[in-house]
Amino acid sequence: MPTALITGATAGIGAAFARRLAADGFSLVLVARDGERLSATAEELRLRYGVSSEVLPADLSADEGLEAVEERLRRGVDLLVNNAGFGHGGAASDVPVDDERRMLKIHCEAVLRLTLAALPGMKKRGRGAVINVASVAAFFPQGTYSASKAWVVSFSESMAAELAGSRVRVMALCPGFVRTEFHDRASIDMSGLPGFLWLSADKVVGEAMRDLARGSWVSIPDLRYKVITRIGTLVPHRLAAEVSRRFVRR
């Protein structure tokens with residue numbers, strides 16, 4: 001039975017990955033800060049899908065949390081999903097620098113360290129995959145969040161190129177607006193966003209798994225967002241930033 005380790009596994013896209021991979025017969029390692037919620041998630045998956053789920057409470061903004069997950073990855077997994085992340089409800093210039101540093105720790109350093117902890121074992125076994133959850137925000141300048149997600153995309157593409165020709169894959173997943181707890185937790189007002197732009201977490205995960213099987217380096221679920229991100233790469237950054245600001249009212 002293959003094993004998948006998922007960070008941020010108790011809600012949103014991480015929970016959707018857990019459901020999908022459990023249904024596909026993976027044994028799971030679930031990582032998040034809230035141990036009680038992790039245990040409840042693991043029990044729900046066991047009852048619904050009959051799979052075992054290892055629970056690993058860890059704060060990825062702290063070195064001790066990262067080290068615990070790195071150690072588990074070095075013991076071997078078949079799939080790593082770097083999903084943990086969060087947003088801020090204010091402009092970057094108004095956010096305390098310690099909060100911005102925590103974001104970079106989770107979005108960039110954790111993705112770097114956990115990916116590099118998982119890859120040696122995958123390369124040795126000649127199989128495996130890493131999915132790094134980024135965002136369409138990577139293509140639209142919008143504070144530290146989009147900057148960190150742009151780094152995730154660039155890093156993932158670099159690793160994918162390095163591993164080209166092997167059976168080990170690395171892919172960046174760039175979803176658009178997904179109905180999760182993300183925006184509520186960040187106190188971001190999304191009332192102005194048109195309803196047709198919302199995606200379900202299960203749809204995002206389904207398309208991600210399809211794109212991974214196809215060998216994609218970057219997965220952008222849904223045709224609408226493929227068009228939007230394409231436009232974002234063609235127009236001047238200043239215009240892209242203004243469009244992004246108007247969609248997400250702070």
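Reader: Which element gives the most to the lining of the largest cavity?
Author: This is a predicted model, in which local features need pLDDT of at least 70, side-chain atom pairs count only at pLDDT 80 or more, and totals for chains, interfaces and linings use all residues. Residues are numbered from 1 along each chain as its sequence is written, and side-chain values use heavy atoms, leaving out hydrogens and water. Helices and strands are DSSP runs numbered from the N terminus (H or I over at least four residues, and E over at least two). With three lining residues, the top contributor is helix 4.

Reader: How many of the residues in that cavity's lining are charged?
Author: A cavity is a set of points on a 1 Å grid over the protein atoms alone where a 1.4 Å probe fits but cannot get out, and lining residues have an atom within 4 Å of a point. Thr-7, Asn-82 and Ile-106 are among the lining residues here. Five of the lining residues are nonpolar and three are polar, while the number of charged ones is zero, or simply no charged.

Reader: And the second largest pocket, which helix gives the most to its lining?
Author: A pocket is an open set of such points, with protein on both sides within 12 Å along at least five of seven lines. This one holds about 250 Å³ of space, and its lining includes Phe-26, Leu-79, Arg-127 and Met-209. Strand 5 (128-133) and helix 7 (201-214) each give two or more residues. The biggest giver, with three, is helix 7.

Reader: Which residue of strand 5 stands opposite Leu-79?
Author: Leu-79 sits in strand 4 (residues 79-82), pointing one way along with Val-81, and Leu-80 and Asn-82 point the other way. All of them are buried, meaning under 20% relative accessible area with a 1.4 Å probe, protein chains only. Strand 4 and strand 5 pair in parallel over four bridges, where pairing takes at least two DSSP bridges. Opposite Leu-79 stands Ala-129.

Reader: On the other pairing, what is the bridge partner of Leu-5 in strand 4?
Author: Strand 1 (residues 3-7) runs parallel to strand 4, and three bridges join them. In strand 4, Leu-5 is partnered by Leu-80.

Reader: Which helix gives the largest share of the largest nonpolar core?
Author: A nonpolar core is a set of buried Ala, Val, Leu, Ile, Met, Phe, Trp, Tyr and Cys residues joined through side-chain atoms within 4.5 Å. The largest one here has 72 residues, and Phe-17, Leu-21 and Leu-28 have the most contacts inside it. Nine of its residues, the largest share, come from helix 4.

Terms used
Buried means under 20% relative accessible area, exposed over 50%, partly exposed in between (1.4 Å probe, protein chains only). Ala, Val, Leu, Ile, Met, Phe, Trp, Tyr, Cys and Pro count as nonpolar, Asp, Glu, Lys and Arg as charged, and the others, Gly among them, as polar. Grid points are joined across faces, edges and corners, and a volume is the space filled by probe spheres set on the points.
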